[in-house]
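Visitor: I would like a close look at one part of this structure, the aromatic rings that gather together. Please describe that part and then place it in the rest of the chain.

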Amino acid sequence: MRRRLAIGFVITCKRELQTTSQLFAGLKTRHFASTPRSKSSFQHLDLYSLNKKISHFTRMGRINDARALFDKMEQRNTVSWNSMISGYVKRGEITKARKLFDEMPKRDVVSWNLMISGYVSCRGKRFLEEGRYLFDKMQERDYVSWNTMISGYAKNGRMDEALQLFHTMPKRNAVSWNAMVAGFLQNGDVGRAIEFFEMIPERDGASLSVLVSGLIQNGELDEAARILLECSSNDGRKEELVHAYNTLIAGYGQCGKVNEARNLFDQIPIQDGQGNGSKKRFVRNVVSWNTMMMCYVKAQDIVSARELFDQMKERDTISWNTMISGYVHASDMEEASNLFCEMPNSDTLSWNSMISGYAQTGSLELAHDLFQRMPQKNLISWNTMIAGYEKNDDYKGAIEIFIQMQIEGEKPDRHTLSSLLIVSSGIVDLHLGMQIHQLVEKTVTADVPINNALITMYSKCGAIIEAQTIFDEIKMQKEVISWNAMIGGYASHGYATEALELFKWMKSFKVQPTYITFISVLNACAYAGLVEEGRGIFKSMVSEYGIEPRLEHFASLVDIVGRHGQLKEALDVINSMPFEPDKVVWGALLGASRVHNNVEMARVAAEALMRLEPDSSVPYVLLYNMYADAGQWDNATEVRMMMERNNIKKEAAFSWVDSS
């Protein structure tokens with residue numbers, strides 16, 4: 001990408017130099033080369049070219065290159081200074097902008113306006129005051145000066161000062177009124193906003209949109225609809241009305257009020273009906289259709305969205321992408337693929353949506369094929385592919401894509417690194433996890449999700465001290481996932497006391513535990529042999545926190561009481577389950593039965609496992625060994641013959657003599 005930009009810039013510069021040469025040659029042929037005017041014209045042209053390059057650099061974010069060129073210029077004009085100041089202002093480097101402003105030999109109104117806008121866009125009272133200081137010093141102000149300062153006060157909630165300035169203005173335009181309306185709405189004063197809107201002498205195309213947008217943000221959708229319909233009836237010939245309608249349709253869609261959105265959509269005429277007349281009535285545009293389709297897609301009504309799509313006479317890229325995205329979210333990849341193939345000009349978003357859809361449905365080969373055929377990948381493309389492999393537990397595939405990503409020079413972001421940390425946890429590769437951790441420290445500022453992923457990775461890899469270090473460092477940023485990761489790490493590596501102690505701390509900080517928390521805590525109780533505490537925690541999960549027990553919780557409780565020799569209670573727990581027990585639950589009972597040498601209970605558990613996994617040799621072998629240990633050779637032989645009748649092959653690492 002950088003290489004393409006560099007080549008593009010070189011071509012641009014060459015063209016500019018060629019243009020300059022051609023113009024200069026033309027001047028020569030007109031016999032102006034030897035005159036002072038010719039020299040002046042060339043210098044002016046050269047200065048124009050340099051200013052253009054500075055502007056280009058600042059637009060591309062290359063502020064250092066712009067400054068280097070600016071410093072080398074032998075001659076500068078106001079445009080040169082303003083371009084550099086504008087570049088610094090856009091980057092939020094207000095101190096550097098002010099230094100240049102103070103050094104300017106001559107300023108125009110644009111220079112002052114740039115600095116004022118820079119100050120009012122910064123957060124903090126002192127910046128706003130500095131903007132006002134410059135505003136007061138201006139000898140000549142234009143609309144931009146006044147409106148910028150009014151907007152600055154409004155955005156900072158200082159509406160009294162904004163209002164005072166507004167009334168002081170020698171002459172106002174529509175932007176001034178709109179700034180006041182927007183300011184009142186930003187500060188929640190809906191009544192004053194409507195009052196000011198109604199006083200606007202001549203509204204421009206933005207006036208109604210500003211009001212409608214602000215009312216939506218304040219949750220006043222019905223009031224916005226009332227005003228919109230009133231404006232339509234009073235001045236329904238205004239073409240700009242459609243923008244306000246589209247805004248309100250989107251607002252209804254965000255709130256899930258699809259019927260209200262459709263009612264508004266239907267009120268926009270399909271044709272203006274004015275023939276070739278000079279006055280145009282507002283009509284539906286492609287944004288109207290797209291916005292309404294998005295409402296349906298958000299409400300998961302893909303059928304209604306498709307009906308609108310099929311009715312559209314003209315579609316743009318957003319129309320196609322909206323429908324493709326809708327089918328992807330509905331997991332209808334066949335229809336998404338059909339539209340994708342029909343789409344006249346698919347863009348990167350279209351490709352990424354398809355890749356994401358195939359990855360979500362487990363079709364990794366199709367996702368990878370599309371990914372490889374993409375005409376132009378972006379960071380989202382790489383992240384989508386890596387996350388797709390990770391979520392489908394294809395950790396090798398995720399690592400291979402990341403390696404390819406590095407080879408092609410694409411830099412990872414926090415989403416990339418978070419997925420790779422999950423991959424490291426999945427394959428329990430501490431070395432890989434530590435490498436990703438180093439990348440995190442070099443490239444991004446770790447946020448809560450990344451810190452949680454780091455804690456999980458170190459915990460699962462057994463590096464408990466490293467996990468605890470990160471857990472302690474994030475302090476007040478801890479969320480329930482952070483606590484779960486740390487408690488789970490302690491529990492899975494046998495640090496039962498630490499896990500239970502951390503659970504107490506979690507409750508003391510009023511952090512609401514989840515079902516995952518209780519899985520780890522119950523496992524810790526099982527490891528530590530804390531039967532009474534385990535029973536109490538299981539009950540509190542339901543009574544105190546309203547969490548319905550899952551299979552994992554029942555399996556842990558069976559393990560807890562079973563290890564303590566309470567096999568009948570363990571069986572009672574299984575029989576009381578509101579759903580069918582799985583192999584983990586019966587496995588816990590079988591393991592406890594073997595530890596306490598209870599052959600009859602072991603037979604119950606083993607027979608249940610045989611029904612659940614008819615091809616597995618594990619329950620047969622364990623039951624056989626228990627009969628053999630107890631000297632019940634007839635029963636042992638019966639188990640062996642049953643295994644032969646069912647054509648069960650003994651798995652490696654299981655002995656007929658001893659499976660311990």
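Guide: The protein exposes about 35400 Å², and carbon and sulfur atoms supply 51% of that area. The model is a predicted one. Of its 660 residues, 46% are buried. The secondary structure comes to 37 helices and zero strands. Among contacts with a separation of 6 or more, 55% are between residues 24 or more positions apart.

Now to the rings. A pair of aromatic rings is described by two things, the distance of the centres and the angle of the planes. The structure holds 19 aromatic pairs. In one of them, the ring centres of Phe 166 and Trp 177 are 5.0 Å apart and the planes stand at 80°, so this pair counts as edge-to-face, the cut-off for that class being over 60 degrees. Phe 166 belongs to helix H9 (residues 159–168) and Trp 177 to helix H10 (residues 174–186), so the pair links distant parts of the chain, with the two residues eleven apart. Phe 166 and Trp 177 are both buried.

A further pair is formed by Phe 184 and Phe 196, with 5.2 Å from centre to centre and 50° between the planes, and it is classed as tilted. Here Phe 184 lies in helix H10 and Phe 196 in helix H11 (residues 190–199), twelve residues apart, and this pair too links distant parts of the chain. Both Phe 184 and Phe 196 are buried. Taken together, ring pairs link Phe 166, Trp 177, Phe 184 and Phe 196 into a cluster.

Phe 166 has a charged neighbour as well. Arg 172 lies over the face of Phe 166, at 4.4 Å from the ring centre. A similar arrangement involves Phe 135: the charged end of Arg 141 sits over its ring, 4.3 Å from the centre.

A record helps to place this part. The UniProt entry, which is unreviewed, carries the annotation "repeat: PPR" for several spans, including residues 142–176 and residues 347–381. Residues 142–176 are 74% helix and 0% strand, and the C-alpha atoms at the two ends lie 12 Å apart. Residues 347–381 are likewise 74% helix and 0% strand, with end C-alpha atoms 12 Å apart.

Elsewhere in the chain, charged side chains pair with each other. Side chains of opposite charge can pair when their charged atoms come close. The structure holds 27 salt bridges, and three of them can be taken in turn.

Arg 98 forms a salt bridge with Asp 102, and the closest N and O atoms are 3.0 Å apart. Both residues lie in helix H5 (residues 94–103), and their spacing of four residues is about one turn of the helix. Arg 98 has 16% relative accessibility, so it counts as buried, under the 20% cut-off. Asp 102, at 45%, counts as partly exposed.

Arg 306 and Asp 310 meet in a salt bridge as well, at 3.0 Å from N to O. Their helix is H17 (residues 302–311), where they are four residues apart, about one turn. Arg 306 is buried at 17% relative accessibility, while Asp 310 is partly exposed, with a relative accessible area of 46%. Salt bridges that share partners also join Arg 91, Glu 93 and Lys 96 into one network.

In the salt bridge between Glu 230 and Arg 226, the N to O distance is 3.2 Å. These two are four residues apart in helix H13 (residues 221–234), so about one helical turn separates them. Glu 230 has 37% relative accessibility and counts as partly exposed. Arg 226, at 38% relative accessibility, is also partly exposed.

One uncharged residue completes the tour. Ser 83 lies in helix H4 (residues 78–90). Its relative accessible area is 14%, so Ser 83 is buried. Apart from its neighbours within four places in sequence, Ser 83 is in contact with Asn 51, Ile 54 and Thr 58.

To return to the part you asked about: the cluster consists of Phe 166, Trp 177, Phe 184 and Phe 196, linked by ring pairs.

Conventions: Residues are numbered from 1 along each chain as its sequence is written. This is a predicted model: local features need pLDDT of at least 70, side-chain atom pairs count only at pLDDT 80 or more; totals for chains, interfaces and linings use all residues. Side-chain values use heavy atoms; hydrogens and water are left out. A salt bridge is a side-chain nitrogen of Lys or Arg within 4 Å of a carboxyl oxygen of Asp or Glu. Buried means under 20% relative accessible area, exposed over 50%, partly exposed in between (1.4 Å probe, protein chains only). Contact means heavy atoms within 4.5 Å. UniProt positions are given in the numbering used here, feature names are shortened, and annotations may be inferred rather than shown by experiment. Rings of Phe, Tyr and Trp (its six-membered ring) pair if their centres lie within 6.5 Å; planes under 30 degrees apart count as stacked, over 60 as edge-to-face and the rest as tilted. A charge sits over a ring if NZ of Lys or CZ of Arg is within 6 Å of the ring centre and within 35 degrees of the ring normal. Accessible areas come from the Shrake-Rupley method with a 1.4 Å probe; for residues, only the protein chains shown count as cover.
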